[in-house]
Amino acid sequence: MRRITFAITACALLLAVSIVSPALGGPSIGKVAKQAKKAFKIGKSAKRAAGAAKRTASAAQSAANAAQGTANTANSKADQALARPAVTPGGITAVSNTVGVAPESVAVTSAVCPSGQRVVSGGVASEVSIGGTWVDVASAERTAWIGAAEDLPGGSGGDLTVVAYCVPTGRATIASRAAVIRKVNREVKAYKASR
């Protein structure tokens with residue numbers, strides 16, 4: 001036990017002497033202090049750089065969150081705009097609705113006018129593999145256009161699109177009267193030309 005204690009003490013003494021005395025091959029205390037001071041400076045600089053990087057990352061995350069919020073708002077407004085019926089310069093609102101037609105089945109759908117409007121015209125387009133449209137009419141109250149299509153046996157299905165052209169309730173009567181007058185004028189003109 002004494003030998004181990006003596007060996008440890010001797011090593012500690014030799015190490016202390018080598019640090020203190022450059023003649024024995026170790027660095028001087030001044031040199032060690034300089035290196036420690038330099039390492040401390042580098043550590044402080046690295047800590048400042050890490051803090052700046054953290055603040056930059058935090059600002060970038062905030063900017064990304066704000067951009068995501070702006071994108072979400074823009075998408076929401078775009079969805080709302082697409083959901084609104086299109087109004088032409090003449091005041092006619094076009095409303096459409098598309099549904100799938102399953103293979104070998106029938107699909108029925110309608111394009112409904114906005115509240116306070118009536119349908120003045122409409123149409124149906126069916127894109128089925130075998131079969132076609134078999135209903136293409138305005139509803140009895142003239143608030144929608146109704147369409148139906150059938151995909152016959154052996155078919156692979158398709159789509160049914162219904163379009164309604166609507167005008168405000170007071171203008172619906174005017175529009176239909178104007179259409180009738182134009183039609184009558186054309187028929188009169190054709191009759192006169194044939195004589």
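**Entry 1: the loop between β2 and β3**

I looked up Glu104 and found it in the loop between β2 and β3. Strands are DSSP runs of E with at least two residues, helices are runs of H or I with at least four residues, and both are numbered from the N terminus. The phi angle of Glu104 is near 55°, a positive value in a residue other than glycine. I note here that this is a predicted model, in which local features need pLDDT of at least 70 and side-chain atom pairs count only at pLDDT 80 or more, while totals for chains, interfaces and linings use all residues. Residues are numbered from 1 along each chain as its sequence is written, and side-chain values use heavy atoms, with hydrogens and water left out.

**Entry 2: confidence**

I next looked up pLDDT, the predictor's confidence in each residue, from 0 to 100. The chain averages 75, and 63% of the residues score at least 70. Confidence is lowest in helix α1 (residues 2–20), with a mean of 54, and highest in β3, at 93. Where pLDDT is low, the predicted coordinates should not be read in detail.

**Entry 3: the chain as a whole**

I recorded three helices and seven strands. Along the sequence they follow the pattern α-α-β-β-β-β-β-β-β-α. Of the 195 residues in the chain, 16% are buried; buried means under 20% relative accessible area, exposed means over 50%, and partly exposed lies in between (1.4 Å probe, protein chains only). The chain exposes about 14,000 Å², of which carbon and sulfur atoms supply 63%. Such areas come from the Shrake-Rupley method with a 1.4 Å probe, and for residues only the protein chains shown count as cover. I also looked up contacts (heavy atoms within 4.5 Å). Among those between residues at least 6 apart in sequence, 63% join residues at least 24 apart.

**Entry 4: the nonpolar core**

Which residues have the most contacts inside the largest nonpolar core? I found Val101, Trp145, Leu160, Val162 and Ala164, in a core of 14 residues. At least two core residues come from each of β2 (93–101), β3 (106–112), β4 (117–128), β6 (144–151) and β7 (158–168). Strand β7 gives the most, with four residues. A nonpolar core is a set of buried Ala, Val, Leu, Ile, Met, Phe, Trp, Tyr and Cys residues joined through side-chain atoms within 4.5 Å.

**Entry 5: Cys166**

Cys166 lies in strand β7. I asked whether Cys166 is buried or exposed. Cys166 counts as buried because its relative accessible area is 0%. Its C-alpha atom is separated by 5.9 Å from that of Cys113, although the two residues are 53 apart along the chain. Not counting residues up to four places away in sequence, Cys166 touches several residues, among them Gly91, Ile92, Cys113 and Val119.

**Entry 6: Ala144 and Ala138**

I found Ala144 in strand β6 and Ala138 in strand β5. Ala144 is buried, with a relative accessible area of 6%, whereas Ala138 counts as partly exposed because its relative accessibility is 21%. Leaving aside neighbours within four places in sequence, Ala144 is in contact with residues including Ser110, Val112, Val119 and Ala138. With such neighbours again set aside, Ala138 touches Val119, Ala144 and Trp145. From C-alpha to C-alpha, Ala144 and Ala164 are 6.4 Å apart, with their positions 20 residues apart in sequence. For Ala138 and Gly122, 16 residues apart along the chain, the C-alpha separation is 7.3 Å.

**Entry 7: two further loops**

Arg142 has its place in the loop between β5 and β6. Its phi is positive, about 60°, although Arg142 is not a glycine. Arg142 counts as partly exposed, at 37% relative accessibility.

Gly155 has its place in the loop between β6 and β7. Gly155 counts as buried, at 11% relative accessibility. Where does Gly155 find its contacts, leaving aside neighbours within four places in sequence? I listed Pro103, Glu104, Ser129 and Ile130, so this entry returns to Glu104 of the loop between β2 and β3.
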